[in-house]
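Me: I am new to reading protein models, and I would like to learn how to go from the overall fold to single residues. Could you take me through this one step by step?

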Amino acid sequence: MLILKKGYFCIALSTFFFSTMEICLKLVSGNFNSIQMTVSRFLVGSLVLLPFAMKQLKVKEIHLKKDDFIQFTWLGFVCVVISMMLYQLAVTHTKASIVASIFSCNPIFVLFFAYLILKSPIYKHNIIALILQIVGILCIINPFATKLSFLGITLTILASLTFAFYGVCGKKSTGKFGATIVTCFSFIFGSLELLLLTFFSRITFVANFLISHNLDTFANVPLFTGYNLHTIPAFIYIAVGVTGMGYYFYFLAMEYTDANTTSLIFFFKPIIAPILAFIVLKEFIPLNMIIGILFILGGSIYTILCTMKITHKSDNSVA
């Protein structure tokens, strides 16, 4: 019972950190370049996770090999360079509450990548949940009378898809090393890869090419601008709190409970994030968005309940 309580406590902390992520990123989006923020927060966040990862390596007596580092490099590229860069750009181009709600659909996308890559089965309830989530996204976007940024919505969906892809690609490594180790080292390598790309963006002919193709965000990426007395506390919270501790408590929750229980984070987030966005950013929550959130929640809850039912039947049959 004590372990279960610790698990729920970790879920509560992780949910809070993840629910404030888009809001904090939105608050400082005008001070930092999107790529700069992604590099900085994941580099600092990975350093926060590093002591816990090193402890796990020592406890499990694991010695990392060349192939392991290659895998971490690949996972970091998918997560940080692609998914989180798209995510950061999405926050810049549309409402924080929209990004939070749509990104929370990624557990459903995981199911389909798992089917394609890992040959995991897809059940009828998975299809129903996906339909509910798609309806929810369409309600939020409101394509018939929308004033939202089409680019922002597209970036959010792509970020969610690629994050789900990262999760599935990392499943084998997670089973071998544990989620904390995989996340820490994929974050380290991903942030270093993105840092290398920022150096390339400062080369004159590369910067000129990007600017000439309306990709100014990716050209001459700064690394140390934007920091002042007002932005430093927010950055520390984003890097250490959200990116570092948020993921740490997320993985602790998985150790204390199970994947289904931990996934509660992703259907609490669409409720909490819009409310916080309304309070902090004064983002209005229209009726279509409320309906969309309810559909997304419905899909998430339905998936969790059906999965728990299948797991319960499986356990009884084994017993």
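Reply: A good way to begin is to read the order of the elements along the chain, and here, from the N terminus on, they run α-α-α-α-α-α-α-α-α-α-α-α-α-α. Please keep in mind throughout that this is a predicted model.

Me: How many helices and how many strands does the protein chain have?

Reply: The protein chain has 14 helices and 0 strands.

Me: What percentage of the residues of the protein chain count as buried, and how much of the contacts comes from residues 24 or more positions apart?

Reply: For burial, one asks whether the relative accessible area of a residue is under 20%, and 49% of the 319 residues of the protein chain count as buried. For contacts, one looks at the separation along the sequence: among the contacts in the protein chain with a separation of 6 or more, 85% are between residues 24 or more positions apart.

Me: Now I would like to look at a pair of helices. At what angle do the axes of H5 and H7 cross?

Reply: One compares the directions of the two axes, and here the axes of helix H5, residues 106-118, and helix H7, residues 150-169, come within 8 Å and cross at roughly 50 degrees. An angle between 35 and 65 degrees is neither roughly parallel nor roughly perpendicular, and H5 and H7 are therefore oblique to each other. The crossing in which H5 passes H7 is right-handed.

Me: Which residues of H5 and H7 meet there?

Reply: On the side of H5 they are Asn106, Phe109, Val110, Phe113, Ala114, Ile117 and Leu118, and they meet Ser160, Leu161, Phe163, Ala164, Phe165 and Val168 in H7. Sorted by character, the residues of this contact of H5 with H7 comprise 11 nonpolar and 2 polar ones, with no charged residue.

Me: Next come the aromatic rings. How many aromatic pairs are there, and why is the pair of Phe32 and Tyr227 called edge-to-face?

Reply: Rings are counted as a pair if their centres lie within 6.5 Å, and by this rule there are 21 aromatic pairs. In the pair of Phe32 and Tyr227 the ring centres are 4.9 Å apart and the planes stand at 65 degrees, and because planes over 60 degrees apart count as edge-to-face, this pair is given that name. The pair links distant parts of the chain, 195 residues apart, with Phe32 in the loop between helix H1 and helix H2 and Tyr227 in the loop between helix H10 and helix H11. Phe32 is buried, with a relative accessible area of 7%, whereas Tyr227 is partly exposed, with a relative accessible area of 30%.

Me: What are the corresponding values for the rings of Tyr87 and Phe103?

Reply: Their centres are 5.0 Å apart and their planes are at 65 degrees, so this pair is edge-to-face. Tyr87 belongs to helix H3 and Phe103 to helix H4, and 16 residues separate them along the chain. Tyr87 is buried, at a relative accessible area of 1%, and Phe103 counts as buried at 5%. Aromatic residues can also be read as groups, and Phe16, Phe17, Phe52, Tyr237, Tyr248 and Phe249 form one aromatic cluster.

Me: Where does Glu61 lie, and what is its phi?

Reply: Here one reads the sign of a backbone angle: Glu61, a residue other than glycine, has a positive phi near 55 degrees, and its place is in the loop between H2 and H3. At 66% relative accessibility, Glu61 counts as exposed. Asn220 is not a glycine either, yet its phi is positive at about 50 degrees; Asn220 lies in the loop between H10 and H11 and is partly exposed, with a relative accessible area of 41%.

Me: Finally, which residues are in contact with Ser46 and with Gly76, leaving aside neighbours within four places in sequence?

Reply: Ser46 lies in helix H2 and is buried, with a relative accessible area of 0%; its contacts beyond those neighbours are Cys184, Phe187 and Ile188. Gly76 lies in helix H3 and counts as buried at 0% relative accessibility, and its contacts beyond those neighbours are Val81, Ser186, Gly190 and Glu193. The C-alpha atoms of Gly76 and Ser191 are separated by 7.3 Å, although these residues are 115 residues apart along the chain.

Note on methods:
Residues are numbered from 1 along each chain as its sequence is written. This is a predicted model: local features need pLDDT of at least 70, side-chain atom pairs count only at pLDDT 80 or more; totals for chains, interfaces and linings use all residues. Side-chain values use heavy atoms; hydrogens and water are left out. Axes are lines fitted to C-alpha atoms, for helices over the stretch in contact, and angles run from 0 to 180 degrees between N-to-C directions. Helices (H or I, at least four residues) and strands (E, at least two) are DSSP runs, numbered from the N terminus. Angles under 35 degrees count as roughly parallel, over 145 as roughly antiparallel, 65 to 115 as roughly perpendicular and the rest as oblique. A crossing is left-handed if the near helix is turned anticlockwise from the far one by less than a right angle, and right-handed if clockwise. Contact means heavy atoms within 4.5 Å. Ala, Val, Leu, Ile, Met, Phe, Trp, Tyr, Cys and Pro count as nonpolar, Asp, Glu, Lys and Arg as charged, and the others, Gly among them, as polar. Rings of Phe, Tyr and Trp (its six-membered ring) pair if their centres lie within 6.5 Å; planes under 30 degrees apart count as stacked, over 60 as edge-to-face and the rest as tilted. Buried means under 20% relative accessible area, exposed over 50%, partly exposed in between (1.4 Å probe, protein chains only).
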